[in-house]
Amino acid sequence: MKVERVKYGDMDNNAYLITDEASGESALVDPGFFDENIERVVNEVGDKLKYILLTHRHFDHILGAKSVKERTGAKICIHPKDACGLSHAGFSLAQSIGVSQSALTPDYTFNETSKVRLGESTLFVIETPGHTVGSVCFLCNDCLLTGDTLFRLGVGRTDLPTGNYSQLKQSLNRLYEMPGDYKVYPGHGNTSTLDVERTMNPFMIEARNK
Ligand SMILES: [Zn+2]
Ligand SMILES: [Zn+2]
């Protein structure tokens, strides 16, 4: 399985293209805007793109999903507790910055028991509420895609609707306790590793000290 970072927009956002190399099947995580970087990737992958996986409801992670689906036929997947962000600009916060949004319904919703298959490879969903109530991380091989739950030496804010700092601390504890090390691919900013976050991320350290 291969993970390619695709930067987009002016908020330091990252989408990620996950590809099962044997079959060529792939998934795109968090296409927040359909800009030229996302378009280039989508044109390269074409109908081998099977899924659009969304870490959470916010506009800067979901607004490109409609165009990506139209170009590729990929299925849109999100946690049920954040699906409202696809259908309402109020819940995605697009409305609060004056951006229009066309209503979408997810093709699939997922939870902790869901497995996403690409060829022979499997992605797992980890529920990590706190930034929003339906925030998730995706796990594939030694890669952890963390959305706005965990950034390099930071975390997503918890003062937006459905945000909850004590829930976020529980989610950070779950990630901390996963055995072994992982590459961390966040929704904004630079890549990290779980070991770096375990030892240096002040929010993860605070979450441990409860
Ligand atoms: Zn967010
Ligand atoms: Zn974000």
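1. A cut-off first, as it helps with the loop residues further down: a residue counts as buried if 20 or more other C-beta atoms lie within 10 Å of its own, as exposed if 12 or fewer do, and as partly exposed in between. Please keep in mind that this is a predicted model.

2. Let's put that to work on Asn-141. This residue has 14 C-beta neighbours inside 10 Å and therefore counts as partly exposed. Asn-141 sits in the loop that joins strand E9 (136-140) to strand E10 (143-147). Its backbone deserves a look too: phi is near 50 degrees, a positive value in a residue other than glycine.

3. Leu-153 makes a good companion case. Although Leu-153 is not a glycine, it has a positive phi of about 60 degrees. You will find Leu-153 in the loop between E10 and helix H6 (165-177). With 15 other C-beta atoms within 10 Å, Leu-153 is partly exposed.

4. Now to helix H1, which spans residues 36-45. Which residues of H1 are buried? They are Ile-38, Val-41, Val-42 and Val-45. Looking down the axis of H1, you would see these buried residues fall within an arc of 100 degrees, so they line one face of the helix.

5. Turn H1 around and the picture changes. The face turned away from the buried side carries Glu-36, Arg-40, Asn-43 and Glu-44, which are exposed.

6. What do the buried residues of H1 pack against? Their partners are four strands and a helix: strand E1 (2-8), strand E2 (13-19), strand E3 (26-29), strand E4 (49-53) and H3.

7. The pairing with H3 can be described in some detail. Helix H3 covers residues 65-72, and its axis lies 10 Å from that of H1, at an angle of about 25 degrees. Since angles under 35 degrees count as roughly parallel, H1 and H3 are therefore roughly parallel to each other. The crossing of H1 past H3 is right-handed.

8. On the H1 side, Ile-38, Val-42 and Val-45 make this contact, and on the H3 side Val-68, Arg-71 and Thr-72 do so. Sorted by class, the contact has 4 nonpolar residues, 1 polar and 1 charged. Three names recur here: Ile-38, Val-42 and Val-45 are also among the buried residues of H1.

9. One last backbone detail, at the end of that helix. Gly-46 comes just after H1 and takes a positive phi of about 55 degrees. If you are checking torsions, Gly-46 can go on your list along with Asn-141 and Leu-153.

Conventions: Residues numbered from 1 in each chain as written. Chains lettered and ligands numbered in written order. Predicted model: local features only at pLDDT ≥ 70, side-chain atom pairs only at ≥ 80, totals over all residues. Axes fitted to C-alpha atoms, helices over the stretch in contact; angles between N-to-C directions. Helix = DSSP H or I, 4+ residues; strand = E, 2+ residues; numbered from the N terminus. Parallel < 35°, antiparallel > 145°, perpendicular 65-115°, else oblique. Left-handed = near helix turned anticlockwise from the far one by under 90°. Contact = placed C-beta atoms within 7 Å. Nonpolar A, V, L, I, M, F, W, Y, C, P; charged D, E, K, R; others polar. Arc of directions from axis to C-beta.
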